[in-house]
Amino acid sequence: MNGIKQKIDIIDLRIEKGGDPELYRRALSNSQPANKNDNDSSTSCVSYIDEVLSLDTQRRSTLTNLENLRSKLSTLQKTVIAPKKKANEDVSAEIVQLKEWKVDIANLSTELKDIEQKRDELLERINGILANINMDDLKKNGSGDNDIPATPTKETSDSASTTTSSTSSSLPILSPEKIKSIPPERILNLNVGVLGHVDTGKTSLVKTLSSVLSTAALDKSKQSRARGITLDLGFSAFLLPLPEHLRTADMATSNSDTSSNRSSNTKQNGNKNNNNSNTSQDESIKLQQKYDLLQVTLVDCPGHASLIRTIIGGAQIIDMVLLVVDATKGMQTQTAECLVIAEMTTRNLIVVLNKIDMFPEHEREERLDIAKKKIRAALRGTKFEDAQMVGISACVGGEKVAAVGGITGSDGESTSNSTEIAGTNNIHGLLNILQAQMRPPNRDSKPSPDRFHFAVDHCFPIKGQGTVLTGTCLSGSVQPNDMVEFPTLATQKKVKGVQMFRRKANMVQQGDRAGICVSNFDAKLMERGVIASPGTVKLIRGAIAVVRKVRFFKGSLNSGAKFHISVGHTTVMATVSFWGAREIAKQVNGEDDKKRERAGSQAFGKSSLGGSADLAGLPRLKFDWNDDFLHQDNYLDVLPASDNNSNEWNESTSGQRRDNSQLPPLHWARIEFLTPVYCPMDSLVIGSRLDSEVNANACRLAFSGRLVERYDAKSDHGRLKSYTKKEKVGTVTRLGDPYKRADDDKVVRYEVFGTDLFKKETDMTQFVGLLLETDRGDVGSIQSSFGTSGKFRVNFPAGTDVREGDPLYLRFKRYTNDPKKAIHQDGSLPPARTGSRIDPPVKKKKGKGNKNNNTTTNKSGASPVKSTDSTNTTDKFNKDTFGEIVKIKEGDGTSGITAIVSGLFSMEDDISKYKGRIVISTTTQNEEGVVDGSFGKMGKCKVLFKDGLSADVGSQVKMLGVS
């Protein structure tokens, strides 16, 4: 592919703008004059380049003088002439000066136009010559030959991996001069985050690999150079041929993670989701159809503990991670935190063991294997436990030499020619693994300008051009002349132009690292933030999110506590409350598939590339305001066994192949931002406790979440249906008439009477219809009050075999946001089960001649015969009988204590016949009483303890049998 354009502008000739004047000098030197009658020789054609550049330099100098003069004139008018006129002072001298400057401005403007006209005429001549150049002839002559070199051979990689060279070695990285003719839109950009503990050599590795540097690469700031550490995100890049496995791969669309989840569901659940997987295939395209080259953008993140916010922001704009570890020290505190961030934000990670030159050469291989085993053990239990590892030395002798020593060209601009590197070890091996591990990036197949979302990480002015915003395109696309919105500033600006690493581009789309130039914007108003399509990013004061605790976070997550919430590059304080663990477990584990299907089918925006909520293992769920949720005080680290109905965790919802018991349960969370933020729904949020001790050996990342629904504390607080369970216990004081139930011949009561639930002054009408339960699970409803002492009547439509003294449970729930504190119940009455009433025996009046003679009549109407009831009844109590004390009546101290006992007799027994029978308290054994008569009509009796009674209500008693 040839790098020469046949129509150029001044940018193609300016080195500081990425142009290559030498390329066009060679092209013109080998060309013939555009017109045979033209007296210009090829030598004079070459001089056109120098003349154009000279005129352009004059133009810029004149333009600078003109702008300075205009600024001075404006200042004179506003700060001198206007105040003096207002004070009626003489301004004649200032007016003379003003007129002189206006004349100078007019002269400079004329001079500027003349220079621009001459420059443009020369450019037209050059373009006329280039239009008639035969490119095939140039290739034969070797001019402008920019063919892409082949992928590095295995021999090259092997030799690099086994030797430590103090001299330079060639890297298989394409120089930017080689790809001038390839439009930036045909270059696939992958963002690779370089994370790790401080002083592990991250910046040295970035410098070694990079061939194109941004304005914020390699610790450019004075503070970074003074302290010798990275303090802010750095961006640089290198170019590679598109790896063969990516050329033929399908490009993942913005729904790729969801599609893969559905695909795994298909394997588990048959062909239930075949339609979804077919749709995903239809949306995919081959990468080679859209791209020619691969650009790897390195995001150099700080490693110091105090800069964790910057690390989190950088991790959310990446596609994969290089986790740099000091091979001599192994896993350190910030290494572990970076690993946690990577688990939330990417699916691909390579562990780079740096500084292997610090191992003695004869022990290097052995000690490197030991270091790898330790890292592998630390990765166990994460989704990167099978990650590739490679040992390197990014800078033999120490990384600070490389980090502090910048790369500066003759014009003061940052340049780099990293095709030649010095003092490295196994960089080729790293590049081979990097290329092999690259996966098709998560990109929109058809980026829409209506969904443009751009994360800005640096903002600076360029005199005479405007303000440049550098950052990463998270979704959608933008072109020159499009309008973009600054949500935090409530203003819109027109895009003047876009560049990708100093190259002019026609469009920026999802995944691209770019600079966007706008006019009439003060760079001091924004350092970091977002710009987007007008009206697409709204201010969020609060949100409902589905969250999961970071399993390495040792602290508790308490509702109402304040956390640092990171969304993209923004980190603010927020109050967070947790609830819904039980309900969301049922929804995620398949008990509410319809809701999940509805939520998964909706189109969501994106707020990040690699850092999406899908990769963090957070399912797409829809929050239903009509659902009831049991109130929780805090985050539940483990669900109660009764609530956890599933032993297996669904891989499609967790994002990890892990049992449910090994992952903290999902929760709903209400996030109320103390400072409103701008971000779309479905964004990944990370909650942290950054106020923790920096030097403490503990993870400060608390949870990750997916924003699901907007929440406004003023209007939505009452809509959340969170409830608490309540229970009150009453006592059965009286039983209704007995019935024999028709379907099972069991003796039951359909009506009972209770007490101890309400006070006597309570208005019972508001409780009529509430459900009560017994210990046996029978359900009845309150019918009315009974008397004036707080007793109540309960009806059991299916009957109950409850006994006097048994508990009655009133179970209900109250919504925490209900100002009326109304009672709500979820149960219902069982179907009615009918029965026939059991009538008690009729007591006959005593008459003459039949005293103590109980007679009955047989079925045939024969003469009366003497009844055997007395004998039979006596036989009934010839063994010990047990009962229970239900009430104790205190006497006057002389007649003893009377206890009311149930269970000794039935309502059919004539208790008066057994008056005087001995009753013993089984609790105290030595306390003896006698039956003293009946009490009511329900089989209760009075027992007199003449010597007193120490047993309590509920104690068991025994009536001795007659032998």
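I take contact to mean heavy atoms within 4.5 Å. The model I am reading is predicted.

**Entry 1: serine 781**

I looked up serine 781 and found it in strand S34, which covers residues 779–786. Is serine 781 buried or exposed? Its relative accessibility is 6%, so I put it down as buried. I then listed what serine 781 touches, leaving out neighbours within four places in sequence. The contacts are Gly769, Leu770, Leu771, Arg793, Val794, Asn795 and Leu829. For one of these, arginine 793, I also noted the C-alpha separation from serine 781, which is 8.6 Å. Those two residues are 12 apart along the chain. The side chain of serine 781 has a polar contact at 2.8 Å with the side chain of glutamine 783.

**Entry 2: threonine 571**

Next I went to threonine 571, which I found in strand S25 (residues 570–579). Its relative accessibility is 18%, and buried means under 20%, so threonine 571 counts as buried. Which side chain makes a polar contact with the side chain of threonine 571? I found serine 566, at 2.9 Å. Serine 566 also appears in the contact list of threonine 571, together with Arg309, His564, Ile565 and Leu690. That list does not count residues up to four places away in sequence.

**Entry 3: salt bridges**

Side chains of opposite charge can pair when their charged atoms come close. How many salt bridges does a search of the whole structure find? I recorded 33. I then looked at some of them one by one.

I began with arginine 706 and aspartate 682, whose side chains meet in a salt bridge at 2.5 Å, N to O. Arginine 706 sits in strand S29 (residues 701–710), while aspartate 682 is in the loop between strand S27 (667–678) and strand S28 (684–688). The two are 24 residues apart in sequence, so their salt bridge ties together separate parts of the chain. Both arginine 706 and aspartate 682 are buried.

My next pair was aspartate 691 and arginine 689, with a salt bridge of 3.5 Å, N to O. Aspartate 691 has a relative accessible area of 52% and is exposed. Arginine 689, at 24% relative accessibility, is partly exposed.

I then turned to arginine 811 and glutamate 773, where the closest N and O atoms of the salt bridge are 3.1 Å apart. This pair links distant parts of the chain, 38 residues apart. Arginine 811 belongs to strand S36 (residues 807–815) and glutamate 773 to strand S33 (residues 771–773). I have arginine 811 as partly exposed, with a relative accessible area of 34%. Glutamate 773 is also partly exposed, at 29% relative accessibility.

I also noted a network, in which salt bridges that share partners join Asp56, Arg60, Arg119 and Asp120.

**Entry 4: strand S36**

Arginine 811 led me to look at strand S36 itself. Why do I call S36 largely enclosed by the rest of the structure? Seven of its nine residues are buried, so that description holds. Arginine 811 is partly exposed.

I looked for a strand that pairs with S36 and found strand S30 (residues 722–735). The two run in the antiparallel sense, with nine bridges between them. To pin down one position, I took lysine 726 and found that its bridge partner in S36 is phenylalanine 812.

Note on methods: Residues are numbered from 1 along each chain as its sequence is written. This is a predicted model: local features need pLDDT of at least 70, side-chain atom pairs count only at pLDDT 80 or more; totals for chains, interfaces and linings use all residues. Side-chain values use heavy atoms; hydrogens and water are left out. A salt bridge is a side-chain nitrogen of Lys or Arg within 4 Å of a carboxyl oxygen of Asp or Glu. Helices (H or I, at least four residues) and strands (E, at least two) are DSSP runs, numbered from the N terminus. Buried means under 20% relative accessible area, exposed over 50%, partly exposed in between (1.4 Å probe, protein chains only). Two strands pair if DSSP finds at least two bridges between them. A polar contact is a pair of N or O atoms within 3.5 Å; within protein, one must be able to donate a hydrogen and the other to accept it, and residues adjacent in sequence count only if both atoms are side-chain atoms.
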